Amino acid sequence: MKSGTAAVPHFIRKISVLPLAAVIFFTVSGGPYGLEPLIGYAGSYSIPLLMLTPLMWDIPMILVVLELNSMMPVEGGYYEWVKKGLGIQWAFMEGCWTWFYSFVDLAIYPVLFVEYASFFFPQVELYKTPVCLAMIWLIAFLNIRGIVLVGRTAMLLMVAIMIPFLILYFEGFLHPGFSVSHTHTGMSSLSLALFTIMWNCIGWDNATTYAGEVNRPVRSYLKAIILAFTAVYVFYISFTYLAIHSGISASVFSEKGIPYLGMLIGGKFLGGVLSIGGMASTTGIFCAVILSVSRVPAVMGNDEVLPKIFTRLNQKYQTPYISIIACACIISILILRPLADLFIMDICLYTSGIVLEFAALLSLRKKAADLERPFRIPLKRNGLLLLFFLPILVFSVALTGALFGSKENRSAALIAILAIISAPVAWVFIRKKVKSKNSKVKKL
């Protein structure tokens, strides 16, 4: 076994296209839960932004992920791509930044779960922290049981989300409301709108970290990602159109969420069903993302840039249980951070990792030109640079608004920048160990 490549036992149970598409759907989206603030930020521009932003933000990233994954469909995904293309130092940065962003991202969903549960049990807000902790550790246990169980759970939760929205669409278009004039407040508002959309569309690379646990990974990922992106894109646009034309106030919608929209359109029953859907969505996203992020420390442990303990596998289920437990511990602390801070930090850290993946693609196009690529982006170097300029442009507009916006937004962006800087600082302390290991390998 090559150093850094996580072992996937030949007898491990693997998943196919539909369960994989469901897991990717939850890794990236989980439905329009979380889009509620968009109308307040972007007003009547919400639909155009939703139509354009995913095309500029997601499509280039999806294409990069598909080419790299078709070339190296391995356990550890993006970490291994960057290591082969740019070397162990940058792979360490990639692992750290994506690990950080995933922790921040995962801390959001238990809090949202409590908010949707409060529709039925208003007093659950008083016990938010213990409920969040219970959710974190129950799903950690589920992940220790393996990817097949996670895939089946994701499919069931996806159905639990789709059915309430089908009812909402039927009621909404059968009994249409009326349009309300929604306004926004300039650059800062546009920035928050972009951060909201981007946050609801991230995670395509995370879905590749368990490629060794997928049947026929190259073809399965291509089909599954197309299915997942189509579902996300159509879901978001149709839902936002319905919300804008329902007559709901943007401030009320942002505060009370999708269940209140359901009450407005179809009564308390529909509001309750959508609240259940919200709990299913946050549970599914949390389950899918912790599955992906927990594989990276295990691979980094094989390279000894993290302690070897992270490589330990559960004897029965062959899952990296120490890594899963470590992830759950860190998330249990981050749930105490405000949600607005987490959104901005999330996108900043995610973008830093994506930049390295794109750099790895350019490098591998040159240094591994003969390596088989069942999927290849039909562009040369200049075309690839132009393609990747699109998500960087979207991110730059959003970050500029955050830095020159409110004090809270600026603080969150600066915390993310400090987290990004911490990875090169950490490398200074471990590079001697890595160099010593490499020199021993060469001697052998």
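Biologist: Hello! How much area does the chain expose?
Modeller: Happy to help; this is a predicted model, in which local features need pLDDT of at least 70 and side-chain atom pairs count only at pLDDT 80 or more, while totals for chains, interfaces and linings use all residues. Residues are numbered from 1 along each chain as its sequence is written, and side-chain values use heavy atoms, leaving out hydrogens and water. Accessible areas come from the Shrake-Rupley method with a 1.4 Å probe, and for residues only the protein chains shown count as cover. Carbon and sulfur atoms supply 68% of the exposed area, whose total is about 18,700 Å².

Biologist: What share of the 444 residues is buried?
Modeller: Buried means under 20% relative accessible area, exposed means over 50%, and partly exposed lies in between (1.4 Å probe, protein chains only). Of the 444 residues in the chain, the buried share is 58%.

Biologist: How many helices does the chain have?
Modeller: Helices (H or I, at least four residues) and strands (E, at least two) are DSSP runs, numbered from the N terminus. The chain has 0 strands, and its helices number 18.

Biologist: Which helix gives the most to the largest nonpolar core?
Modeller: A nonpolar core is a set of buried Ala, Val, Leu, Ile, Met, Phe, Trp, Tyr and Cys residues joined through side-chain atoms within 4.5 Å. The largest one here has 151 residues, with Trp204 and Phe286 among those having the most contacts inside it. The top contributor, giving 19 residues from the stretch 88-117, is helix α6.

Biologist: Is Tyr109 buried or exposed?
Modeller: Tyr109 sits in helix α6. Contact means heavy atoms within 4.5 Å, and Tyr109 touches Met135, Trp199, Thr282, Ile285 and Phe286, leaving aside residues up to four places away in sequence. Because its relative accessibility is 4%, Tyr109 counts as buried.

Biologist: Which residue has its backbone oxygen 2.8 Å from a polar atom of the Thr53 side chain?
Modeller: Thr53 belongs to helix α3 (residues 46-57), and it counts as buried because its relative accessibility is 4%. Beyond four places in sequence, Thr53 touches residues including Asp58 and Val394. The backbone oxygen at 2.8 Å belongs to Leu49.

Biologist: Which residue does Arg365 meet in a salt bridge at 2.7 Å?
Modeller: A salt bridge is a side-chain nitrogen of Lys or Arg within 4 Å of a carboxyl oxygen of Asp or Glu, and the structure holds 4 of them. This one links distant parts of the chain, 298 residues apart, from helix α16 (residues 339-367) to helix α4 (residues 59-71). Both partners are buried, and a network of salt bridges also takes in Arg373. At 2.7 Å, N to O, the partner of Arg365 is Glu67.

Biologist: How far apart are the closest N and O atoms of Lys83 and Asp303?
Modeller: Lys83 in helix α5 and Asp303 in the loop between α14 (295-302) and α15 (321-334) are 220 residues apart. Lys83 also meets Glu80 in a salt bridge, with both in helix α5 (residues 78-86), about one turn of the helix apart. For Lys83 and Asp303, the closest N and O atoms are separated by 2.9 Å.

Biologist: How much accessible area does the nonpolar surface patch with Leu414 and Phe429 have?
Modeller: Patches are made of residues with over 30% relative accessible area and no salt bridge, and nonpolar side chains (Val, Leu, Ile, Met, Phe, Trp, Tyr) are joined within 5 Å, like charges within 9 Å. Ile421, one of the patch residues, lies in helix α18 (residues 407-443) and counts as partly exposed because its relative accessibility is 44%. Together, the patch residues have about 670 Å².

Definitions and conventions:
A polar contact is a pair of N or O atoms within 3.5 Å; within protein, one must be able to donate a hydrogen and the other to accept it, and residues adjacent in sequence count only if both atoms are side-chain atoms.
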